[in-house]
Amino acid sequence: MNRRWLALLLVGLAACHSRPLAPTDGGGTDGARDAGDAASTGAGADAASDAATLVDANADAGTGCQVGSFPLQSVSCSTGACGAVCANACVDLQNDPSHCGSCDGSCPSTSACVAGKCGPEVRTIVPAAPGCLGLRLAADSQWLYVADVGHRTLSAFAPNGTSTVLASAANFALLYPDFTADGTTGARGPAPIVVNNGIVYWIGAATPATASADPSTGPLIGGLGTMIFSTTLSGAVRAVLPPAWKPQDFIRAIASSSDGATLFFADGKNFYSVPTEGTVEHAVLLGESGAHGWSETASSLVADLDHLYFPVASDEWVESFDFTQTCTPAADAIAPIAPGCANWIVGSHAGTVLDNVQVFGGYVYWADQAGVSRAPTANLMRRGDTGGADFSGWWSDDAPTGFVALQDSAGVRAFLTTEAGTIAETVGDPNGSATAIVNATRPIARGQLGASSITTDGRTVFWTTPNCDVLGVTAPAD
């Protein structure tokens, strides 16, 4: 029997456990010594290659490596998940960026490996500029909008790289989710900006945000929202609220109606609406999120035809508010579900992403440390529920720090920034099931620690980094 067949026979007969072949005494067995010598030189290299080929064949058959085999003396297969053997290690050729598609298939430092192929590299969209304190992004199908807190500018960037400044000397508000915030600590970066029908809205502050001298308070301070402004690519900056209007608390979140005719905003616990066109004489008080008697504040908003939806920082729940009815505080105190009052939709996991919530097709979407979730907008929780309404979504291997969702011909999908520094997308769809969880996110970029303010125009996924630049990667086609 030649050495080639002998090596293959050893592969088939070896025991399965996460350890190398064990010696029977201090000197080891002759077979173990022979296998170890053969793996590095001469015909033994052929045997090692054959072992890896055997594993690849099993993987192609959909079984992974055969549990119970030792592809190499120093590599075991104990789970059946070893797709190939490279440099004496089990690797997954489908997802390992250092061995993408083959042992020698190394992806660029920012590219992800998906289905055995390296994805596109991350590219710089807007380079960092000295004096930038923080950026906030939004996008529509044609433009990327960038609010620069330090330079106090709002700019629009076209896909070809050309840009135009839409507003200058603008004081952008910061996001303060905590209801006790006073502008001295707890800022989560610039407050969200909203784009609808070519109009850009943002929350303005009476004084500019500044860098914090005390790292324990966060990177930025100040920037308490007092006004709302809007502009377009061809128009001037416009104050949305009447000059004499004064908020009861500072403005924390804004949302546009689906038809673009109404702008909603939250000032502490209170919700208001104003028309987006014409002379605004006053803001209409719709009600409050804290009618239950709790100090709740909406940190971000989204609207459909008759409800506002928002995450609450104090208990990390997602709630809804029916702005077509009037809340009666007396009824709200005792009713399981009070019309016209804020009502729970779902109790989220810890780590709720507070700067974004979205609505598509009768579902509200949000992110927390477990992934991206959704719940039916009509599925309100009754007072006293503790388990949360039925919800579905996508688990993520890495805790999300931000997300953005879009709806296209393939359905709804979301893109995430994560604590591990990956940019990921959800895969699959719970197909309308109330409780299905699709355990599927896949990376589309890597090496992006500290990424935030993620958005997309459908072609490119954009995000900011602690360097105060804007990076992007081509969005997968499906």
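Here is a short talk between a visitor and a guide about this predicted model.

Visitor: What kind of model is this, and which pLDDT do local features need?
Guide: Residues are numbered from 1 along each chain as its sequence is written, and side-chain values use heavy atoms, with hydrogens and water left out. This is a predicted model in which totals for chains, interfaces and linings use all residues, side-chain atom pairs count only at pLDDT 80 or more, and local features need a pLDDT of at least 70.

Visitor: Happy to start! How many disulfides does a search of the whole structure find?
Guide: A disulfide is a covalent bond between the sulfur atoms of two cysteines. Here a pair counts when the two cysteine sulfur atoms are within 2.5 Å. With that rule, the search of the whole structure finds four.

Visitor: Which residue forms a disulfide with C100?
Guide: C100 sits in the loop between strand 2 (89–91) and strand 3 (113–114), and its partner is in strand 3, 13 residues apart. Strands here are DSSP runs of type E with at least two residues, numbered from the N terminus. The two sulfur atoms are 2.2 Å apart, and the partner is C113.

Visitor: Is C113 buried or exposed?
Guide: Buried means under 20% relative accessible area, exposed over 50%, and partly exposed in between, using a 1.4 Å probe and protein chains only. C113 has a relative accessible area of 2%. That value is under the 20% limit, so C113 is buried.

Visitor: What is the handedness of the link between C107 and C118, left-handed or right-handed?
Guide: The sulfur atoms of C107 and C118 are 2.0 Å apart. C107 lies in the loop between strand 2 and strand 3, while C118 is in strand 4 (residues 117–118). The torsion about their S-S bond is about -90°, so this disulfide is left-handed.

Visitor: How does C118 count at 38% relative accessibility?
Guide: Its partner C107 has 7% relative accessibility and counts as buried. For C118 the value is 38%. This falls between the 20% and 50% limits, so C118 counts as partly exposed.

Visitor: How many residues apart in sequence are the parts that C132 and C468 tie together?
Guide: A disulfide joins C132 to C468, with an S to S distance of 1.8 Å. C132 lies in the loop between strand 5 (123–126) and strand 6 (135–139), and C468 is found in the loop between strand 34 and strand 35. The pair therefore ties together parts whose separation in sequence is 336 residues.

Visitor: What is the phi of C468?
Guide: C468 counts as buried, at 11% relative accessibility. Although C468 is not a glycine, its phi is positive, at about 70°.

Visitor: Let's look inside. Which residues of the largest nonpolar core touch the most other members?
Guide: A nonpolar core is a set of buried Ala, Val, Leu, Ile, Met, Phe, Trp, Tyr and Cys residues joined through side-chain atoms within 4.5 Å. The largest one has 20 residues, and strand 7 (144–148), strand 8 (153–157), strand 9 and strand 11 (199–205) each supply at least two of them. The members that touch the most others are L154, F172, I193 and W202.

Visitor: What is the volume of the largest cavity?
Guide: On a 1 Å grid over the protein atoms alone, a cavity is a set of points where a 1.4 Å probe fits but cannot get out, and lining residues have an atom within 4 Å of a point. Grid points are joined across faces, edges and corners, and a volume is the space filled by probe spheres set on the points. The count comes to one cavity of 30 Å³ or more, and F172, P190, I193 and W202 are among the residues lining the largest cavity. Its volume is about 40 Å³.

Visitor: Is P190 buried or exposed?
Guide: P190 is in the loop between strand 9 (163–167) and strand 10 (194–196). Beyond residues up to four places away in sequence, its contacts (heavy atoms within 4.5 Å) include G134, R136 and L175. Its relative accessible area is 8%, so P190 is buried.

Visitor: Finally, which strands are the edge strands of the open sheet with the order 20-21-22-23?
Guide: This sheet has four strands with antiparallel pairing, and two strands pair if DSSP finds at least two bridges between them. Two bridges join strand 20 to strand 21 (residues 307–312), and A303 stands opposite L308. Each edge strand pairs on one side only, and the edges are strand 20 (302–303) and strand 23 (342–347).

Terms used. 1 Å grid on protein atoms, 1.4 Å probe; cavity = no way out; pocket = protein on both sides within 12 Å on 5 of 7 lines; lining within 4 Å.
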